[in-house]
Amino acid sequence: PAVIRREEYQPPEWLVPEIALDFALDLDSTKVTATLVVRQNPEGSGGQTLRLNGDGLAARTVTVDGQAANDWRMDGQDLLIELTGQNHTVEIETVINPAGNSQLMGLYASNGMLCTQCEAEGFRRITFFPDRPDVLSTYSVRMAGDKARFPVLLSNGNCTAQGENADGTHWAEWHDPWPKPCYLFALVAGELIANHDSFTTAGGRKVDLNIWVRPGDEDRTQHAMDSLIASMKWDEEAFGREYDLDLFNVVAVSDFNMGAMENKGLNVFNTRYVLADPQTATDADYDAVEGVIGHEYFHNWSGNRITCRDWFQLSLKEGFTVLRDQMFSADMGSAAVKRIEDVRVLRSAQFPEDSGPLAHPIRPDSYQEISNFYTSTVYNKGAEVIRMMRSMAGVEAFRKGTDLYFARHDGEAATCEDFVVAIEDGAGLDLRQFRQWYSQAGTPQVKVRLDHEGDVATLHLSQVVPATPGQPVKQPMPIPLRLALFDRDTGQHRGEELIVLDAEQASFAFSGFTRIPVLSINRGFTAPVAITSDVPTADLVFLAANDDDPFARYEAMQSLIVQHLVAAVGGGILCDAERQAGRDAIGRALAAVIDDSALDDLMRGELMILPSEAYLSEQLKVADPGAIHAEREGLKAWLGRELKDRLTALHDRVSALPYGRGADARGARKLKTQALVYLAAGAPEEAASRAAAQYAAADNMTDRQGALMVLCGLDTPARDDALADFRQRYDGNALVIDKWFSLQAGSLHPKVLEHVRALADSPDFTLTNPNRVRALYMSCAVNPKAFHALNQEGENGEGYRTIADLILALDPINAQTAARFVAPLGRWRRIEPKRSALMRAELERVAKAPKLSRDTLEQVTKSLG
Ligand code: B3K
Ligand code: ZN
């Protein structure tokens with residue numbers, strides 16, 4: 001397959017200032033007539049060939065300036081027209097089959113409605129067009145279709161006219177005044193009902209807001225509406241960004257490859273990021289709705305008003321917009337907890353990506369299939385990189401930088417470089433060396449050592465950026481680290497400092513310490529790096545109890561546990577006494593966390609979370625997932641027994657609080673299930689009845705799902721009863737049935753793989769719905785107990801085979817989703833030899849399959865290479 005390179009960017013030869021689209025809608029045969037006003041680009045090379053991208057299309061008719069054209073030909077999937085002048089009007093008619101579109105890219109049918117997904121390259125599945133983000137056009141759309149089947153007709157911008165025909169069809173015309181790339185085009189037609197509201201911008205524009213869902217779902221849209229209104233207000237205050245149309249539509253669709261899509265004025269959402277009520281959505285679901293609604297709304301400026309010049313610049317809009325949605329959610333709830341959650345995602349998803357065969361810089365240098373680059377690196381590390389600029393500039397200077405960026409590039413297709421220059425100019429930063437963060441992949445490893453002599457404490461830092469595919473040698477990066485030095489006697493520090501490590505090694509001296517202080521470094525996680533230090537356990541215990549930076553406190557607690565577990569499974573097996581000493585220290589720290597009356601419960605919940613197995617594996621060059629799992633579960637069970645009375649009292653205390661959406665009630669629910677998790681590990685039988693009681697008493701999904709999650713891991717009749725009740729209680733609610741699949745596939749049950757196989761055969765399962773596929777198989781792929789399961793002889797990588805079989809079955813149906821399952825198998829180089837060989841063998845089996853999609857082929861080839 002062809003490799004596309006960033007260096008080879010060429011401006012488009014032809015521009016399309018205007019496009020008119022006419023749709024004759026039908027589920028299995030939609031006629032599309034596209035009229036393109038084309039103009040030769042003065043910045044192009046002057047070529048007369050107009051290349052229009054297509055994917056699976058055949059042109060019925062092609063006219064140029066009103067005359068049937070014969071000077072056109074196909075080049076692979078693309079349509080080429082030889083033009084004679086500099087300005088022409090080109091009209092092309094295509095016919096497409098939305099009902100037959102299982103890839104869910106372009107125009108497709110979902111549950112009887114029609115909708116589109118065009119980013120990145122789906123528009124070329126609708127009509128022939130220069131499908132690249134630097135071609136911006138003004139869109140006029142007309143659509144007509146059966147009124148009974150498609151009562152609601154939506155597209156970007158404003159509805160300018162509508163009417164009915166005598167034959168039972170009706171039509172609507174839409175016009176979007178803002179020029180946009182074709183990946184932001186959207187059309188929706190179907191039976192939908194809206195939650196309607198409005199918002200008046202700071203500038204006095206009254207905006208109509210609609211959240212469109214299937215009839216019956218409207219009662220679950222209020223949280224999305226509240227989140228949308230909060231987003232609009234927040235963006236005005238935090239970034240000075242106002243909405244720019246009189247209408248903002250959001251449509252919820254149940255078959256969707258990703259979370260949501262920021263089409264101009266017509267966001268299309270996966271139902272799971274719209275629908276929420278206490279009975280069917282957990283607190284985490286509520287947060288996800290708020291975050292994704294915010295994210296897509298914020299794209300209106302960071303993405304739509306300023307878009308990307310080419311897809312290598314994806315992080316320009318995604319990294320920045322993730323930062324914006326993180327800041328928004330932080331302001332809406334607990335900033336401390338939000339920061340911890342974001343770092344946890346980064347470490348368990350992005351760090352493994354950055355140390356594996358698919359590692360790439362946040363601005364990649366090449367790709368075969370751009371869909372494979374909607375990654376945690378581009379999104380989450382991209383956000384961290386911009387966050388570092390903000391930390392170095394300070395909040396106010398950074399805002400000057402973003403103001404300049406928006407003013408300077410409004411209406412343009414920009415680059416990451418444009419963004420960096422705007423921040424340099426606006427915020428007054430020198431980011432010359434900082435640009436390394438855009439071009440180098442890999443998580444920097446920072447070594448920390450603190451010396452003390454006389455009254456001076458000296459901090460010695462060094463960095464290594466590991467080699468990644470195609471980048472064997474790295475340059476040092478500027479790494480901003482916020483730190484504090486605590487006096488051991490008073491438990492206080494003298495204030496924070498931000499230092500920047502910008503060389504391979506550097507030392508920083510701090511005077512006035514008669515005793516060696518306790519170091520708290522990378523507070524707030526200022527830099528997305530991995531820190532290794534030989535901090536004594538006592539210092540971690542001190543920070544876990546005393547640090548006034550909530551992230552640092554969480555970090556100390558995590559480090560305490562990571563140090564112990566890594567020593568237990570990696571650096572030579574601990575003797576019994578050493579293991580006990582490690583557990584004792586963790587047990588005391590956890591007890592202190594449970595007892596600390598100054599902590600709020602949401603934060604207490606964060607401090608009680610054990611580091612994930614994925615994150616633990618990252619600490620080791622070669623990991624033994626079986627040993628990590630056993631040691632971590634062993635610790636959990638020991639803590640459950642050791643702290644049983646405290647955990648039981650905690651569970652009783654928080655169970656007494658009534659349901660509410662406030663922080664206290666949410667904190668209580670978080671602890672309720674956490675206490676149960678420890679208790680179930682310590683004494684499964686006793687805990688089973690406690691979990692069953694929580695399940696039965698639950699008046700909300702957070703408690704019910706939490707209890708069911710714990711029960712799913714236990715070999716007890718209560719498990720089957722609860723699962724059967726849950727299945728029956730929520731019959732017909734697809735999002736909740738997804739949870740039912742996910743909880744079983746993600747469970748600690750010894751027969752988890754058998755359960756996965758049975759669920760795959762159940763009538764509720766289908767490969768055509770991405771939510772259902774992810775609920776079953778992604779839960780399995782990220783569940784070490786299932787994915788890394790071996791039989792007694794250690795010869796049978798049942799989990800690996802299950803995922804490889806899924807990739808092969810799903811690839812012809814939905815390549816984009818199938819390709820996402822390659823990464824877990826791609827970890828083979830970092831796994832102990834027996835499992836490693838089994839994982840690799842499965843990848844090779846996939847690679848050998850005939851007719852793999854470009855998506856899956858790229859990921860599999862890179863993972864083996
Ligand atoms: N921009 C979309 C991503 C669409 C990707 C399609 N392969 C969602 C988002 O990041 O907001
Ligand atoms: Zn986005």
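Start by selecting residues 73–184: over this stretch the chain is 0% helix and 54% strand, and the C-alpha atoms at its two ends are 27 Å apart. The model on screen is a predicted one. UniProt, in an unreviewed entry, lists residues 73–184 as "domain: Aminopeptidase N-like N-terminal".

**A hairpin in this stretch**

Next, select strand E14, residues 158–164; of its seven residues the number buried is zero, so E14 lies largely in the open. Add strand E15, residues 169–180, which pairs with E14 in the antiparallel sense over six bridges. To see one position of this pairing, pick alanine 161, which stands opposite glutamate 173 in E15. Then go to the turn: four residues lie between the two strands of the hairpin, and glycine 168 takes a positive phi near 90°.

**A loop residue**

Move to tyrosine 9, in the loop that runs between strand E1 (4–5) and strand E2 (14–24). Is tyrosine 9 buried or partly exposed? It has 14 C-beta neighbours inside 10 Å. A residue needs 20 or more to be buried and 12 or fewer to be exposed, so tyrosine 9 counts as partly exposed. Now add asparagine 97 and draw a line between the two C-alpha atoms: tyrosine 9 and asparagine 97 are 33 Å apart in space and 88 residues apart in sequence.

**The sheet of five strands**

Select strands E17, E18, E19, E21 and E20, which form an open sheet in the order E17-E18-E19-E21-E20, with mixed pairing. Strand E17 (193–200) and E20 stand at the edges; each has a single partner strand, so one side of each is left without a neighbour in the sheet. Inside the sheet, look at strand E19 (residues 247–253) and strand E21 (residues 266–270), which pair in the parallel sense over five bridges. One of the bridges joins valine 250 to asparagine 267 in E21. Add helix H1, residues 222–239: it packs on the sheet and touches E17, strand E18 (206–213) and E19. The direction of H1 makes about 25° with that of E17.

**Ligand 1**

Which residues surround ligand 1? They are Glu119, Ala120, Met258, Ala260, Met261, Glu262, His295, Glu296, His299, Glu318, Ser371 and Tyr374. The elements that give two or more residues to this shell are strand E20 (260–261) and helix H2 (283–298). E20 is also an edge strand of the sheet of five. Colour the shell by class to find five nonpolar, three polar and four charged residues.

**Residues 442–533**

For the last stop, select residues 442–533, which the UniProt annotation "domain: Peptidase M1 alanyl aminopeptidase Ig-like fold" (unreviewed entry) covers. Over residues 442–533 the chain is 0% helix and 50% strand, with the end C-alpha atoms 19 Å apart.

Then pick strands E28, E27 and E30, an open sheet of three strands in the order E28-E27-E30, paired antiparallel. Strand E28 (497–501) and strand E30 (518–521) are at the edges with a single partner strand each, so one side of each has no neighbour in the sheet. On average, neighbouring strands of this sheet are turned by 35° against each other, direction ignored. Strand E27, residues 479–486, pairs with E28 in the antiparallel sense over five bridges. To end the tour, select isoleucine 479 and its bridge partner in E28, leucine 501.

Terms used
Residues are numbered from 1 along each chain as its sequence is written. Chains are lettered from A and ligands numbered from 1 in the order in which they are written. This is a predicted model: local features need pLDDT of at least 70, side-chain atom pairs count only at pLDDT 80 or more; totals for chains, interfaces and linings use all residues. A residue is near a molecule or strand if its C-beta atom, placed from the backbone, lies within 6 Å of it. Ala, Val, Leu, Ile, Met, Phe, Trp, Tyr, Cys and Pro count as nonpolar, Asp, Glu, Lys and Arg as charged, and the others, Gly among them, as polar. Two strands pair if DSSP finds at least two bridges between them. UniProt positions are given in the numbering used here, feature names are shortened, and annotations may be inferred rather than shown by experiment. Axes are lines fitted to C-alpha atoms, for helices over the stretch in contact, and angles run from 0 to 180 degrees between N-to-C directions. Two residues are in contact if their C-beta atoms, placed from the backbone, lie within 7 Å.
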